[in-house]
Amino acid sequence: MQADLGFWVLQGLNALQLSMLLFLLSVGLTVIFGLMHFVNLAHGSLYALGAYAAATAGAAIGFWGGLLVAPLAVAALGVVLYLVFIRRMRRAGPMAQVLVTFGLIFVMLDLTRIIWGAQALSAPVPALLDGRLTILGVEYPAYRLFVIALGLAIWGVLALVLSRTQIGAMIRAGVDNDSMAACMGIDVERMFFLVFCVGCALAGLAGAVAAPLLSVTPDMGLQILIPTLIVIVIGGLGSLKGAIAGSLIYGVVQTFGAVLFPQLASILIYGLLAAVLILRPAGLFPAKG
Amino acid sequence: MLELNAVDSGYGETQVLHGMTVTAQAGRVLAILGRNGAGKSTTLKTVMGLLPAKTGQITFEGRAIRSGRPYDIARMGLGYVPETRDIFRSLTVRENLELAAKRFPAPPGGWTMARVLELFPRLGERMANGGMQLSGGEQQMLAIARALLMNPRLLILDEPTEGLAPIIVKLIHDRLMDLKQTGLSMILVEQNFGFATSLADDVVIVSKGQIVWTGTPDEIRADAEAQHRWLGV
Amino acid sequence: MLETRNLSKSFGAIHVTRNVSLKLERGERRVILGPNGAGKTTLFNQLVGEITPDKGQVFLAGEDVTALSVQARARRGLSRSYQKNTLFDGLTVEENLGLAASVTHGHWHNIRYDSLTRRDVQDTVREVAEQVRLMPYLHARVSDVSYGVRRQLEVGVALATRPLVLLMDEPTSGVGPEMAKGFHELLSDLPRDLTLLIIEHDMDLAFAVADSITVLNYGEVVFDGSPEEARGSSLLKDIYLGAWEDA
Amino acid sequence: QAEDIKVGLLLPFSGVYAALGEEIETGFRLGLDTFGEGSGASFEIVREDSEASPPVGLAKTRKLVMQDKVDVMAGVVSSGVLGAIRDVVDGAKVPLIVANAGNDEATGEACSPWITRMSFSNQQVNRPMGKYLVDQGITKVFTIGADYAAGQQMIGAFAEAFKAAGGEIVGQEFTPFQKTQDFGPFLAKAKSSGAQAVYAFYAGGEAISFVKQYDSFGMKDALPLYGAGFLTSQLYVDAQGPAAQGVITALHYVPTIDNEANKQFVEAFKAKAGHLPSEYAVHGYDAARALVEAVKSGATDGETLGAALQKTSFDGPRGATAIDPATNNIVQPIYVYQIVAGEGGAQTQKVLAQLPAEADPVNGCEMALIN
Amino acid sequence: MFRHTSLRFWALGLIAAAAVLRALTAEYFGVEMVAEIAILAILVIALDMVAGFGGMVSLCHGALMGAGAYAYAMLTVKVGLAPSAAFAGAIAITGAASWLIGAVCGRSHGIYFIMATLAFGQMAYSLVFEQPVFGGDDGVSGVPRIDLSLIGLDLNDPRTFAFACLFVLGFVYWFATHVLQAGLGRTLTGIMHNEQRMRALGVNVWRIKADMFGLAGMIAAAAGALAAQHVMFVSPGLLNWTVSGEALVVVILGGLGTIIGPVIGAIAFVALKHEVSAHTDYWHLVVGLILIAVVMSRANGIFGWLEQRLSRARPVPARDVIAHQVRKDLAAQGALEDA
Ligand SMILES: Nc1ncnc2c1ncn2[C@@H]1O[C@H](COP(=O)(O)OP(=O)(O)OP(=O)(O)O)[C@@H](O)[C@H]1O
Ligand SMILES: Nc1ncnc2c1ncn2[C@@H]1O[C@H](COP(=O)(O)OP(=O)(O)OP(=O)(O)O)[C@@H](O)[C@H]1O
Ligand SMILES: [Mg+2]
Ligand SMILES: [Mg+2]
């Protein structure tokens, strides 16, 4: 079985697909995390919310509508969260932030249960992507290929925006020393607000993309949180490169670990995380800022 | 140009400024002298909106700026070089400079990247370095260069010569002199008495959060008693 | 007491120190001069072990310490102050000094008693506080005192370890003339067998306290001699002093 | 004269199993309402959230027993909680009607006269499928299930019966419990294993993801999917959608079972909860009924209730149901069903076969009868 | 730096009196709650020791406690050791493991430290969950309590057991505050404020961190061994990261870096949880909201708030120090990357 090329292609695609889903999620978190030094543990809940929004909206206006609505809805929630909590917590340091967002996890968990019930929902795969395509002699679900493509596309866009615009430098300056940045006429507050909203929208997008693939349950956000954190810590906080590298490493280790060393599978990734942190205490590709 | 009138300010519970009243005239250089801990830096921070003023008025070109946000105050044309320099450590030297240069386009004859690098050639050699890797003196140059690139109407310098080699101090002195000649208004907080008095048009001395002495450079040079009493020279 | 041989370090293409060889006798007081960015602080960092040199050795009291960690060198009597304050900001001045003294007196790793209330620690704290004129501030929190006071504490913490060799990185930058003068007195009060290496930009102080002067430029030792020689050196004037000294 | 029976209802009302807790509670209350009328007793329910966590469940059980002094307990979703509280209820001699937890030991080596199970046991649901598959001409099977005690018991019981009937297990995979969201890697393995069919056990969110992903890889045609009926439980088929069509599984209850008792139950439950009942609902419903029957037979306190519960037997929604006096486990028929398209695009269960009720082997249970 | 202010003594006395009173008078469940609170309080003291005084915000203390519980359960049930020997054994084993974790993770700071400890915690969780020796998902039952009949005590009596837990809590409180006031604790606090300077003063930073983490691990193990005896059952859920998260919540709710604060946090948390869950299934929501409100109040937890109102000597909240430290670290990393 292992000698068969098809097996490697298929599992490789599986790994890539998982990586891209994690990338969509972790990139938002890493941007908020690394640039604003804001520890948003509720990021997973935003993802869950995106999935619920996509499932609900999808039922009414179809998958593509849901894919559009979910990020917007989550970004809107992000606005509320920012105005009510985050803005006041920015200077409070990671401990307070961990706690407030830890509290938010539970609040949002129960809120989803109250609104959507405790039972699992799901979103259908759109007709356009319902089939399978053949790549390198392997039949593979079209929807999963779509996830891969979407992840790569978002990566490209973000890389372009961050490296080619001054906004990246402004954000980093604000992170370094917000009062000095303000003294240079940078509206630090507004900038962070935008960053936060974009991060939230990406989480919502990840949820919307995941909805047809997985089941939509209240605790899906909690489940995905640890893998996402592992991804960004392996990759290094705040860097796009880190998010993509971490996602790929996680996807590959998880997928191939599961099929090749099933007994070790669940320990493997934690071992890897520990090893990375021992050798490179700041992750593989820490942000330059 | 900039006026403080009976300003009280401080850090949380600790009040540092007690009725600080001082005026910086347009086109002139005001030197603020005083012992360590007198409240010089606190005055500047309050002007920039980094510390809230509890009472009193602060006006810049006639507009009240008390309790404005630093962001707005900076955009009104105040360029600030803090005593801690506050280089953006995770940005390269170039990025530090561009942050100002790209967002505050130089008026004709204003400060441009090229002119600033001419002023501090040392920085030119370090353009790709991270802000953190600069030596102390290089950081000071960068902080001044950065403020100049904002092409401010009032330049506020908090101990610009601290930690600089004499040759650089001289250089900065000459450049500031040039700036002064172009009519740029400046506020200068200094420990270096000679440096300050040779640049300033007006001198004030701060002690315990209040102005205790006002005059010209010549007057303070002549007033050994005041020097001894307020500056410990 | 402290010796370096061919110490070299570069960051990428920048050579920050090139073949620096220094030799300080016991009790010698040497001032390092040099333009900004000459590599003075980086030299200190290599002496104490915060940066590993690319090549060359460091000897402390005859022992090759090049491979030793920062803390190991510190416990052999090497102490430094920083150009940029490196203090325990949330603690009081007394606690800052006490932490340093408790390491010296060997109480730092004890789980039986409070290291800061030990007699020997308290005595050292008091002595040092007097030396660096910090008595009035003992119970103030570092984050509440002015910058100048912090500069004094920066030296005080380094002194409180009761070192054999003390490296000071621009100890008077940011302190007023009065305190700078006080600092001069402080230096003259220090025991004569304490070896001092000082980075200074204040020429009056430098010439007043130095037994010898070393000038660094672009990472290289370009001058090594007595203060008298330095005063007359045209090289020093060109690269460092400029015409400012008479202002 | 009206007796007052205090019932401790221990269910997860928060956490991942909250949905099951809700179903069971609704069923239980419906059961009390439906059957309690003529019993002459009134029932007081003290409800406690076990959070599906053994230590919490244990603490709550102790509270119910020692402080609230309940006459009887009902509930328990997770086998872990059941294992944790077993000694307490056994020691305190408080009868417990298990309304879900299916671990085999509870009615095997760790059985207790005070613990009566009205739900199912893991092996009971899966064992009959071994022979059934061979009868359908399937002799090579790949099994896959969640890696925890219940998953291992379910798959294990099936595999044993399947091999006994002459089948061959060509591959076996246990996936990390509640940590696996992407089954792609395992499905690829199953595909290349040379099996004729896949037999799976999953529940909850994992069941939904598994069935959908199985379909998306296009495996249903070449490699039909069988499994324990929890895989396509009434609770999940709506979310699974058309992906579930064609999957054949076995379970002790589906809402489409054709008998009078079930019709009434389904009607009443729908009226109350607004959706079709799942097997979890029926556990609660029948647990309540067993309790009421025990009271009707004259039981008034813990001890008499315990004795009476051991003798439970009635025709309920799942057909003829009785307690096996040797283990205190339920004996019930098992239904093989397939998910097919129903009216209005919904999925419905088509019962293919009713396999006869069969008591579990005693498995080391030494059951003392109460009185 | 840890100081015993008079407010702290008052709080301590009040808590002790209330606990004894409640353990004496409450009904069954009330007594159980005392034991539950005492055990949680022991755990959070262990966490506050390293987080509040060393900036080592650990997300594996739940796992350490679980390890202690499992070690105790395995040593009694599977190895057949006497419970008191097993108690000591559990503390020793967990302490050693904890020392190693501290030594390894001590290199990283801030959020990286949190994640590194999380990784070790989850590794332990997976190990226990998946190795059949540990009973997997089903856990290990039949865990005995220590036999104190020699001194005439029966720990199987809930009231006696609650008192035993309170006794251990008292000892742990004394021990923790003592260590924090001793050289080791002072040095650790110095490291939290400025690691670089501590090194330059001659301190072996990683040793201090590892030693303190090891001591805290021993305390967490004691909490675990008590928890195992309390429910007489252990299951893998004990080691899950959410337990560590909850412990952290309790520490901050009470007041990071005050030792007495976390004890108050434990009382508040357990009481709140029981009170709210008695009224609604959505108790997570309510507790979450209250938590947010407390943290947003900008005070350093409940005790920090009390301290702010009632005492003049206002120590710098450890969380501000940590915040500052993390910022510096992150910026410094950016710089290193350029080299
Ligand atoms: N962050 C702070 N929190 C509380 N008090 C402070 C703070 N910073 C400064 N102070 C206090 O405010 C007073 C004035 O400080 P300031 O920095 O304005 O002095 P300065 O005149 O600039 O002195 P220097 O020449 O030393 O820089 C000092 O007494 C100092 O103790
Ligand atoms: N980590 C680093 N990476 C790259 N370059 C560095 C690094 N650290 C220092 N440098 C460079 O090395 C040179 C020497 O720096 P150093 O801090 O030793 O100067 P200095 O002599 O102390 O100057 P000053 O008097 O201004 O403090 C500077 O040009 C600086 O930019
Ligand atoms: Mg100042
Ligand atoms: Mg320097």
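A residue counts as near a ligand if one of its heavy atoms lies within 4 Å of it. Keep that in mind as you work through this predicted model.

**Exercise 1.** Find out which chains surround ligand 2.

*Solution.* Start with the residues that come nearest: among the 21 around ligand 2, these are B:Arg126, B:Gly137, C:Val16, C:Thr41 and C:Thr42. Next, read their chain letters. Residues from chains B and C surround the ligand, so the site is shared between chains. Then look for helices: H6 (136-149) of chain B and H1 of chain C each supply at least two residues of the shell. Finally, sort the shell by class, which gives four nonpolar, twelve polar and five charged residues.

**Exercise 2.** Work out which side chains have an N or O atom close to an oxygen atom of ligand 2, using 3.5 Å as the cut-off.

*Solution.* Begin with C:Thr41, where the distance is 2.5 Å. Move on to B:Glu138, at 2.9 Å. Then check C:His201, which has a polar side-chain atom 3.2 Å from a ligand oxygen. As a last step, consider cover: alone, ligand 2 exposes 640 Å², and the protein buries 91% of that.

**Exercise 3.** Trace the four-stranded open sheet of chain C and find its edges.

*Solution.* First write down the order, S2-S1-S4-S5, with antiparallel pairing. Strands S2 (14-24) and S5 (63-64) each have a single partner, so one side of each is left without a neighbour in the sheet. Now look at S1 (residues 2-11) and S4 (residues 55-60), which five bridges join; here C:Ser8 stands opposite C:Lys55. To finish, add helix H1 (residues 40-48), which lies across S1, S2 and S4 and runs at about 120° to S1.

Methods: Residues numbered from 1 in each chain as written. Chains lettered and ligands numbered in written order. Predicted model: local features only at pLDDT ≥ 70, side-chain atom pairs only at ≥ 80, totals over all residues. Heavy atoms only, no water. Pairing = 2+ DSSP bridges. Contact = heavy atoms within 4.5 Å. Axes fitted to C-alpha atoms, helices over the stretch in contact; angles between N-to-C directions. Polar contact = N/O pair within 3.5 Å; in protein donor to acceptor, adjacent residues only side chain to side chain. Areas by Shrake-Rupley, 256 points an atom, 1.4 Å probe, with all protein chains shown as cover. Nonpolar A, V, L, I, M, F, W, Y, C, P; charged D, E, K, R; others polar.
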